[in-house]
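User: I am new to this structure and would appreciate a close look at a single part of it. Please concentrate on the contacts between charged side chains, and set out your reasoning in one connected answer.

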Amino acid sequence: MVHLFELCEIAMLLCFGFSWPLSAIKSYRARTTKGKSLPFLVLILLGYVAGITSKLLNPNGFKWYVMFFYVLNFCFVSIDFSLYFRNLRLDRQAADESLQALQFAVVEQPLGRRLVAAGGLDQDAALGVAV
């Protein structure tokens, strides 16, 4: 027999269960870590581990239907957690590309303008083109 407290717990897990996939989809599409908190995701994962452990150690018996939602939500948060690291790599790549783009400056020369790298190399030399 399912008790009211179990139904309330399942309702809570369902609400979280709808939220986590949406969060993971948003992370996947955003391709950035902006607005994400790694410590928050770690705490959520630890919370689900504690909840799963609690259900496994429950002396009143194992309820598979409650455990199912804990494990499902843990999986969704784990996906979001892994997307954080993918997005962190993408953020770093974008920052590197921005930095490389800023390393060239326009310099006035008698024969016209030419891009010169911060280190003094001209555009062709910096790109490895034979002059």
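Analyst: A suitable starting point is glutamate 9, which counts as buried, its relative accessibility being 14%. The value comes from a predicted model. Glutamate 9 has a salt-bridge partner in lysine 55, and the closest N and O atoms of the two are 2.9 Å apart. Since glutamate 9 belongs to helix H1 and lysine 55 to helix H2, this pair ties together parts that are 46 residues apart in sequence. Lysine 55 also counts as buried, because its relative accessible area of 17% falls under the 20% limit.

This contact belongs to a wider set: a search of the whole structure finds 3 salt bridges. Helix H1 takes part in another of them, as the side chain of glutamate 6 meets that of lysine 63, with an N to O distance of 3.7 Å. Here, too, distant parts of the chain are linked: glutamate 6 sits in helix H1 (residues 4-30), whereas lysine 63 sits in the loop between helix H2 (38-57) and helix H3 (64-102), and the two residues are 57 apart. The partners are not equally accessible. Glutamate 6 is buried, at a relative accessible area of 4%, while lysine 63 is partly exposed, at 26%.

A further salt bridge brings helix H3 into the picture. The side chains of aspartate 80 and lysine 36 meet at 2.8 Å, N to O. Aspartate 80 lies in helix H3 and lysine 36 in the loop between H1 and H2, so that distant parts of the chain, 44 residues apart, are linked by the pair. Aspartate 80 is buried, with a relative accessible area of just 1%. Lysine 36, by contrast, is partly exposed: its relative accessible area is 25%, which places it between the 20% and 50% limits.

It remains to ask how many disulfides the structure holds. A disulfide is a covalent bond between the sulfur atoms of two cysteines. The structure holds 0 of them. Two cysteines may nevertheless be described by their accessibility. Cysteine 8 is partly exposed, at 47% relative accessibility. Cysteine 15 has a relative accessible area of 54% and is therefore classed as exposed, the limit being 50%.

In summary, the salt bridges include a pair joining helix H1 to helix H2, lysine 55 with glutamate 9, a pair joining helix H1 to the loop between H2 and H3, and a pair joining helix H3 to the loop between H1 and H2.

Terms used:
Residues numbered from 1 in each chain as written. Predicted model: local features only at pLDDT ≥ 70, side-chain atom pairs only at ≥ 80, totals over all residues. Heavy atoms only, no water. Salt bridge = Lys/Arg side-chain N within 4 Å of Asp/Glu carboxyl O. Helix = DSSP H or I, 4+ residues; strand = E, 2+ residues; numbered from the N terminus. Buried < 20%, exposed > 50% of the residue type's maximum accessible area, 1.4 Å probe, protein only. Disulfide = S-S within 2.5 Å.
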